[in-house]
Amino acid sequence: MIDALRYEWLRITTIRSTYWISGITLVFCVGLSFLVAMASSFAFDSEGAPAIDEITFLAPALATQFASLQGPYIVAYIATIIAVFAWGHEYRHGMIRATLTAQGSRVTVWVAKYLVVAGWCLALVVTAYLLSSLVSWLWLQDDGLALVSDEWFEQFGRTVYYSLIFVWIAAAATSILRNQTAALVAVYLWPLAIEPLIRLMLFAIPNTEQPEKLARYLPFNAGDRVIRNSEAGRALDAFLGGEQISTEVGFVVFTGFAALAMAVSLVLFTRRDA
Amino acid sequence: MSRMAVIQARGLGKSYGGKPAVTDLSFDVHPGSVTGFLGPNGAGKSTTMRLMLGLDNGAGTTTFDGKPFIALDHPMRHVGALLEAKPFHPTRKARNHLRMLAAANRIPVSRVDEVLEQLGLTPVSKKKPKTFSLGMGQRLGLAAALLGDPHTLILDEPANGLDPQGIQWMRELLKGLAASGRSVLVSSHLLSEMALMADHLVVIGRGKLIASGPIEDFIKGASKNSVIVRSPQVTDLAELLHRKGLTVTVLEPGTISVAGIEAAAVGDLAFESSIRIHELSNQQATLEEAFLEATGFAEEFQAHQLGEGGQQ
């Protein structure tokens, strides 16, 4: 297993795309938090110090580029490209046969890929979270923003877990599809377009609430319940989409979907021709 | 290199959509020899190699010194394989590609530099393979196959893209590796090259075994092996040979070709009948002739001569 991990580590660290994707993620996300924190600081300077409630929800929001409130968590979305490439390059460049003749056990190859990709992407997520928090704190400390707090820690856990599951779903999708372009389209289109469309279609069915309620159990909608923590986020969710499932149910559905996708990926990887 | 190993393929089989690609294929590859793996396009050579390495699922087993490929610990130390024309990421530098493979097999980095030097790739070791020619790509693929100093090599069309110097270099390399006790199985369409390089042949057609054994035996079995005789009494000699049940073909006035007999026997028969002989020589079929004869009806995709106006 150690040898397979070393192989995967070298695989991921000897191509430039890993670095430019990571760099872009950090620059974009930390930069976004920096700009919003700066604008907020100027606003507070001119309009007076914020109330403590106002500043409390801002900390996890700035650390997650507002995914704790609403919208996609951009760091996870970009990090998934690394996961897609981890499997996609094997098939796009005919590397899979070289990989499997270098390591006999397919299960070991499969496990190593998921672990190394998760490790890199989580390091990226943690770095983005910490740096975003730091630049926000630098601007807003005088307005009462704490660098760390209970909310901040809880959001940190939720963000890391959400990202891990998202990255593994992306890896599983690519392994199943064996085409990185199709996998990228699927991983982006499913949560950002297909699920909202399904919800809208079910919402449009007259005189019944059941189909619309079922749509709340769609995997990425459930995943949103994992990363959205703040009261403000939940209120916004309720306003936009009605009553939502709980964090616990969201956790089970999102994790279950990832487990299913990974199980299919493993079975297909061990049974298909390389 | 670890100890010498015999490759034993037994009952290999594979179908695609119900159509058999390889059927009940069994053969051995022995250490200390280059075994040529021949067959027309679509005969199932690449499929067979993938089956041997456990890359494709199918029937049968292949063992390397008694163990299937997937049971080998650090497989590159036992079996080196080249299956693709460019089996690498286009932007991963050549040396990094080999470092990565070495890491999976606990091969020291010093060995990476060694094979790069051996394959003449040191000057481009820090370049991205996307700029490599097909021949350079093949060299990098060969470097990967040799990385673990394996006792067995399985190479699918390794001469693809190599220039004449490169082909000669590869021939000497593979013969040298075989001479040092390794088992080398190599497929190629270059029959003239195979004739110079291979000691044994495995010939397949439509996924089935056609012949397996020493290359000399394969060529000797071809019907084009004959004796050329030039004689001022060629009519008498032809009659005599006909009576003995031999096939005689007139090549030109005064010269005949006799199949199914050795030159010495023809000489003896002529001497016993007081027939003068001016020339007596064995004509041996080439590997290409023997191959075409053996695989004549086993070609998957047959070309046809176009008639006048391009119509068949």
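# Exercises: a four-stranded sheet and its helices

In chain B, four strands form an open sheet in the order 11-12-10-13, and their pairing is antiparallel. Keep in mind that this is a predicted model.

**Exercise 1.** Work out which strands of chain B stand at the edges of the sheet.

*Solution.* Start by reading the strand order, 11-12-10-13. Next, look for strands with a single partner: these are strand 11 (247-252) and strand 13 (279-283) of chain B, so each has one side left without a neighbour in the sheet. To round off the picture, neighbouring strands here are turned by 25° against each other on average, ignoring direction.

**Exercise 2.** Describe how strand 10 and strand 13 of chain B are joined.

*Solution.* First find strand 10 of chain B at residues 226-230. Then count the links to strand 13 of chain B: there are five bridges, and the two strands run antiparallel. Now pick out one pair of residues: B:Ser226 sits opposite B:Gln283, which belongs to strand 13.

**Exercise 3.** Find out which strands helix 8 and helix 9 of chain B pack on.

*Solution.* Take helix 8 (residues 234-243) of chain B to begin with: it touches strand 10, strand 11 and strand 12 (255-259), and its direction makes about 15° with that of strand 12. Now move on to helix 9 (residues 263-272) of chain B, which lies across strand 10, strand 12 and strand 13 and runs at about 155° to strand 13.

**Exercise 4.** Explain why the buried residues of helix 8 of chain B line one face of the helix.

*Solution.* Step one is to list them: B:Val234, B:Leu237 and B:Leu241 are the buried residues of helix 8. Step two is to look down the axis of helix 8 of chain B: its buried residues fall within an arc of 60°, so they line one face. A general rule helps here: an α-helix has 3.6 residues a turn, so residues three or four places apart point the same way. Step three is to ask what this face meets: the buried residues of helix 8 pack against strand 10, strand 11, strand 12 and helix 9 of chain B. Finally, check the other side of helix 8, where B:His242 and B:Arg243 are exposed.

**Exercise 5.** Say which core includes B:Val234, B:Leu237 and B:Leu241.

*Solution.* Begin with the largest nonpolar core, which has 144 residues; A:Val167, B:Ala143 and B:Leu147 touch the most other members. Apart from that one lies another core, of nine residues, and B:Val234, B:Leu237 and B:Leu241 are among them, along with B:Val227.

Note on methods
Residues numbered from 1 in each chain as written. Chains lettered and ligands numbered in written order. Predicted model: local features only at pLDDT ≥ 70, side-chain atom pairs only at ≥ 80, totals over all residues. Pairing = 2+ DSSP bridges. Axes fitted to C-alpha atoms, helices over the stretch in contact; angles between N-to-C directions. Contact = placed C-beta atoms within 7 Å. Core = buried A, V, L, I, M, F, W, Y, C linked by C-beta atoms within 7 Å. Buried ≥ 20, exposed ≤ 12 C-beta atoms within 10 Å, placed from the backbone. Arc of directions from axis to C-beta.
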